[in-house]
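Please open the model in your viewer and keep the sequence panel visible beside it. The tour below proceeds by selections, each followed by a short account of what is found there.

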Amino acid sequence: MGNVFVFDHPLIQHKLTYIRDKSTGTKEFRELVDEVAMLMAFEITRDLPLQDVEVETPVTAAKAKVLAGKKIGLVPILRAGLGMVDGVRKLIPAAKVGHVGLYRDPETLQPVEYYIKLPSDINERELIVIDPMLATGGSANDAIASLKKRGAQNIRLMCLVAAPEGVELIKKEHPDVDIYLAALDEKLDDHGYIVPGLGDAGDRLFGTK
Ligand code: PRP
Ligand code: URA
């Protein structure tokens with residue numbers, strides 16, 4: 001635990017480049033984020049346990065494998081995390097989805113929690129916290145702390161792009177949480193934006209500004 005995985009799959013890297021491109025419009029941005037989220041979910045679920053079953057093929061009885069029923073929970077951080085949920089759910093349709101509403105105060109860069117609604121059995125679930133951006137790390141740090149306060153035991157963090165500052169904060173505050181990224185960028189600018197990053201993920205996903 002406490003590991004950082006950066007997915008270098010060519011499809012993820014290719015799509016991420018167009019996500020970063022400032023000339024990519026809202027519709028295409030949303031579609032690309034959805035696709036990358038699905039590809040990342042494929043990588044993140046590599047270690048899910050399997051169990052043996054018997055299946056009747058048209059030819060014969062066979063021993064085969066199915067997922068061993070590990071319960072998954074997805075927790076997008078509102079609002080930008082919503083843009084990645086459907087992509088992940090394409091691969092894990094049975095996952096329950098909780099929501100944590102946080103925004104980053106533009107002056108202080110401190111996260112402000114305004115909403116939380118979670119599945120009742122989060123203590124039994126493998127939770128994947130989802131947010132495209134891990135910048136200072138304040139939002140993810142607070143979201144994870146909030147989940148732990150409510151009984152969560154197993155948490156992973158999935159982001160598109162991270163700054164080293166955010167990764168270091170999560171490693172320090174939550175050494176039990178593995179971090180999954182499509183890219184680890186260079187730094188933060190003076191306004192707390194990731195450089196080179198992709199700009200404001202929420203605004204680009206929802207066409208606000
Ligand atoms: C963005 C992003 C993260 C946060 C990352 O959300 O989606 O939640 O900033 O920054 P941090 O690591 O420094 O906390 P924002 O506050 O812009 O809210 P939004 O998703 O509603 O647009
Ligand atoms: N939030 C964003 O949406 N983008 C950044 O670069 C940093 C925080």
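What follows is a walk through a predicted model, from the ligands to the pockets and then to some points of the backbone.

**Ligand 1**

Begin by selecting ligand 1 together with its shell, which consists of 14 residues, the closest of them being Arg-104, Asp-131, Thr-136, Gly-137 and Ser-139. Sorted by class, this shell holds 6 nonpolar, 5 polar and 3 charged residues. If you colour by secondary structure, you will find that strand S6 (99-104), strand S9 (133-134) and helix H4 (138-149) each contribute at least two residues to the shell.

Next, display the polar atoms around the ligand. The side chain of Asp-131 places an N or O atom 2.5 Å from an oxygen atom of ligand 1, and the side chain of Thr-136 likewise has an N or O atom 2.5 Å from an oxygen atom of ligand 1. At Ala-80 it is a backbone N or O atom that lies 3.0 Å from an oxygen atom of the ligand. Ligand 1 taken alone exposes 500 Å², and the protein buries 90% of that area.

**Ligand 2**

Now move the selection to ligand 2, whose surroundings are made up of Arg-104, Met-133, Ala-135, Gly-192, Tyr-193, Ile-194, Gly-199, Asp-200 and Ala-201. By class these divide into 5 nonpolar, 2 polar and 2 charged residues.

Keep the backbone visible here, since the contacts to show are with backbone atoms. A polar backbone atom of Ile-194 is 2.8 Å from an oxygen atom of ligand 2, while a polar backbone atom of Gly-199 is 2.8 Å from a nitrogen atom of the ligand. At Ala-201, a polar backbone atom is 2.9 Å from an oxygen atom of ligand 2. Of the 240 Å² that ligand 2 exposes when taken alone, the protein buries 88%.

**The pockets**

Which pocket does ligand 1 sit in? Ligand 1 sits in the largest pocket, and the space taken by ligand 2 is the largest pocket as well. With both ligands hidden, turn to this pocket, which has a volume of about 620 Å³; among its 29 lining residues, Tyr-103, Arg-104, Met-133, Ser-139 and Asp-200 are the closest to its centre. At least two lining residues come from each of strand S4 (72-78), S6, S9, H4 and helix H6 (201-206), and the lining as a whole comprises 15 nonpolar, 8 polar and 6 charged residues.

For the second largest pocket, with a volume of about 350 Å³, select Thr-45, Leu-48, Leu-67, Leu-91 and Ile-92, which of its 18 lining residues are the closest to the centre. The lining of this second pocket has 12 nonpolar, 2 polar and 4 charged residues.

**Points of the backbone**

Finally, select the peptide bond joining Leu-78 and Arg-79, which is cis with omega at about 0 degrees; Arg-79 is found in the loop between S4 and helix H3 (82-91). Another cis peptide bond, again with omega at about 0 degrees, joins Val-195 and Pro-196, and Pro-196 has its place in the loop between strand S13 (194-195) and H6.

Two further stops concern positive phi values in residues other than glycine. In the loop between S6 and strand S7 (111-117) lies Leu-109, with phi near 65 degrees, and in the segment after H6 lies Lys-209, with phi near 145 degrees.

Definitions and conventions: Residues are numbered from 1 along each chain as its sequence is written. Chains are lettered from A and ligands numbered from 1 in the order in which they are written. This is a predicted model: local features need pLDDT of at least 70, side-chain atom pairs count only at pLDDT 80 or more; totals for chains, interfaces and linings use all residues. Side-chain values use heavy atoms; hydrogens and water are left out. A residue is near a molecule or strand if one of its heavy atoms lies within 4 Å of it. A polar contact is a pair of N or O atoms within 3.5 Å; within protein, one must be able to donate a hydrogen and the other to accept it, and residues adjacent in sequence count only if both atoms are side-chain atoms. Accessible areas come from the Shrake-Rupley method with a 1.4 Å probe; for residues, only the protein chains shown count as cover. On a 1 Å grid over the protein atoms alone, a cavity is a set of points where a 1.4 Å probe fits but cannot get out, and a pocket is an open set with protein on both sides within 12 Å along at least five of seven lines; lining residues have an atom within 4 Å of a point. A molecule sits in a cavity or pocket if more than half of its atoms lie within 2 Å of its grid points. Helices (H or I, at least four residues) and strands (E, at least two) are DSSP runs, numbered from the N terminus. Ala, Val, Leu, Ile, Met, Phe, Trp, Tyr, Cys and Pro count as nonpolar, Asp, Glu, Lys and Arg as charged, and the others, Gly among them, as polar. Grid points are joined across faces, edges and corners, and a volume is the space filled by probe spheres set on the points.
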